Amino acid sequence: LGLDLINNGATFALDPSSEVGFGSPTQNHTVKGTAAVPFQILTVGERNLRGSGDALFLAVSVTVARKLALSHQSSVDLTLNSATGQRGSLTLLSTPTATALIVQDGSSAVTGTATVQRALATANAGLGYRHYSSPVSGNTLNDLATASFTPVFSTSYNTATTAPPAAGFPTVLGYDQGRMNTTAYTGFDRGWFSPAATAPMGAATGYAVQLRGTELVDFAGVPRTGNVPRTLPRATGSVGGEGLHLVGNPYPAPMDWSLVTAADRLGLDAAFYVFESSSPYGGAYRSAVNGVGASSYIGLGQGFFVRVTPGQTSGTLTFRNAHRLTDETLNVPVRRGAADARPLVQLALAGNGGAADNLYVYAEAGATAGVDAAYDAAKLANPSGLNLSSAAATGEALAIDGRAAFAAGTVIPLQVSVPAAGAYAYTAYVSHIPAGLSAYLVDHATGTRTLLTATARYAFTLSAAEAAATGTLAGRFVLAFGPAAGPLAAATAANEALLTLAPNPTRGAVTLALPAAAQARAVTVADALGRVVRKTTLPANAATLALDVAGLAPGVYTVRCAAATARLVVE
């Protein structure tokens with residue numbers, strides 16, 4: 001292999017195909033060779049090495065396929081310049097199934113410029129937006145280029161009033177939630193901007209890059225280590241993106257978000273959001289919070305969103321070496337995590353165009369029906385136009401909804417938006433529902449109630465007129481809990497707080513009915529924009545109410561009585 005380890009004049013034979021460790025008291029070592037040297041695992045500094053300032057010098061090109069481990073026992077460095085002035089190089093390799101990582105603490109480092117590769121494991125091998133973050137310091141955004149991909153930067157995008165700008169659409173985008181000046185986009189999309197090609201890649205900063213899933217991006221710079229703090233403001237406004245920040249894993253190693261403590265994310269929600277591409281412009285945001293949703297692992301080179309909690313003016317996110325993973329066998333897929341003992345309902349909504357979205361509703365003591373920074377994840381709108389979320393008691397759309405408990409009569413309104421007419425279907429994953437209780441998907445438009453099981457599937461079709469008229473399908477679907485299905489299933493409807501309307505559609509009068517009488521309850525009718533257009537009260541001990549909707553413009557409305565909702569079509 002042409003490889004020698006030079007140590008005080010002695011030469012040692014090495015096998016680079018296996019794990020190799022260097023280190024002896026207060027001595028430096030130099031790796032020399034006549035060709036590039038490949039290692040699977042390279043360990044620098046053994047337990048018996050106690051001196052300070054010790055180092056392994058590279059005087060030849062070295063690649064590491066699985067792991068570079070720097071001593072945790074003392075200040076031991078891997079130096080890319082040899083003592084005699086010879087210059088070596090280091091490359092951490094990556095494939096779709098394995099990406100090399102660096103294990104280190106704050107007292108050990110790689111000195112000099114190294115190359116850290118990042119390949120993707122993705123179902124979309126074609127063009128798509130991927131969120132990257134640099135694991136090294138000292139590089140610019142031009143570093144995103146590959147042998148077959150040249151980034152497009154177009155700062156005219158930042159002031160364009162129409163989309164796309166005349167100079168062309170950029171393929172590299174940053175995100176700034178303080179950007180509220182563009183009129184070309186609405187809501188969450190207002191924050192995107194095109195940085196300059198020569199701008200440095202910020203520490204713990206994410207970027208959206210449109211490129212093929214087969215590209216191999218490499219980052220050239222000094223591998224980052226130690227604490228990396230970010231101060232994140234929350235802008236004022238009401239367009240929907242306040243407090244969102246595209247940050248990123250700053251290290252040449254995967255990290256585990258579950259190790260990020262509340263003290264490490266002051267003023268921030270506990271949730272994070274990873275984008276998964278499905279087409280050149282399509283994809284979905286996968287959220288994770290409190291062990292629910294996507295995996296808590298965040299890959300090397302991966303960007304992701306976090307949010308400053310509403311009511312806070314700013315937050316601080318501090319990345320630490322303690323958050324890093326050290327197991328080289330983990331390739332960190334972002335998918336549903338490990339088995340969970342908490343009651344959980346996962347609903348998936350898919351369309352005939354291939355777009356899909358997920359909603360997680362789970363139960364844990366301490367959570368509420370409102371928005372809880374420690375238990376819930378806000379909904380980030382998917383570019384596909386297909387979105388599924390629940391509605392918190394305060395009205396905010398949630399991608400992950402934590403509740404204190406599931407009980408008979410619990411009703412959770414669902415919010416659905418679809419991009420076009422066509423066929424759609426729900427599937428479900430249900431686990432650890434309390435004994436004697438079942439979860440149901442209720443379609444108020446058809447009066448259908450579907451028991452949610454591992455094999456349950458509920459399909460529906462929207463015509464072009466229905467898709468245009470219903471918009472977000474407000475009030476049509478709810479997730480409801482009632483007594484477990486069985487011989488007495490016919491009686492379960494009487495125990496669920498579900499609202500029915502008849503006739504529906506109507507032209508001026510409708511009867512509202514609940515399964516049972518109770519205390520007086522407010523009744524509201526809201527239009528497609530959420531504006532209340534009628535308000536009355538269902539009297540105490542009454543289960544029905546004649547609701548006057550005469551004079552309302554034709555359209556789709558949401559009728560709400562306590563926690564129950566239903567969709568009403570006025571002709």
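Let's start with strand 26, where both faces are covered: Gly283, Tyr285, Ser287 and Val289 on one side and Ala284, Arg286 and Ala288 on the other are all buried. Buried here means under 20% relative accessible area, with a 1.4 Å probe and protein chains only. Why two sides? In a regular strand the side chains alternate between the two faces of the sheet. With 7 of the 7 residues of strand 26 (residues 283-289) buried, this strand is largely enclosed by the rest of the structure.

A quick word on the model: it is predicted, so to speak, with local features needing pLDDT of at least 70 and side-chain atom pairs counting only at pLDDT 80 or more, while totals for chains, interfaces and linings use all residues. Residues are numbered from 1 along each chain as its sequence is written, and side-chain values use heavy atoms, leaving out hydrogens and water.

Now for the neighbours of strand 26. Strands are DSSP runs (E, at least two residues) numbered from the N terminus, and two of them pair if DSSP finds at least two bridges between them. The table shows three antiparallel pairs.

| Strands | Bridges | Residues standing opposite each other |
|---|---|---|
| Strand 25 (residues 272-277) and strand 26 | 6 bridges | Phe275 and Tyr285 |
| Strand 26 and strand 27 (residues 292-293) | 2 bridges | Ala288 and Gly293 |
| Strand 44 (residues 521-526) and strand 47 (residues 555-561) | 4 bridges | Val523 and Cys561 |

Strand 26 also sits in two hairpins. One joins strand 25 to strand 26 through 5 residues. The other links strand 26 and strand 27 with 2 residues between them, and Asn290 in that turn has a positive phi of about 55°.

Further along, strands 44 and 47 belong to an open sheet of 4 strands with the order 45-44-47-48 and antiparallel pairing. Strand 45 (532-538) and strand 48 (564-570) each have a single partner strand, so one side of each is left without a neighbour in the sheet.

Finally, the cores. A nonpolar core is a set of buried Ala, Val, Leu, Ile, Met, Phe, Trp, Tyr and Cys residues joined through side-chain atoms within 4.5 Å. The largest has 34 residues, and Leu42, Val62, Leu68, Leu78, Leu90, Tyr132 and Leu144 touch the most other members. Elements giving two or more residues to this core include strand 5 (37-44) and strand 7 (61-70). Leu78 is in contact (heavy atoms within 4.5 Å) with residues including Val44, Leu56 and Ala109, not counting those up to four places away in sequence. A second, separate core of 29 residues includes Leu386, Tyr424, Leu437 and Leu462.

How values were computed
Buried < 20%, exposed > 50% of the residue type's maximum accessible area, 1.4 Å probe, protein only.
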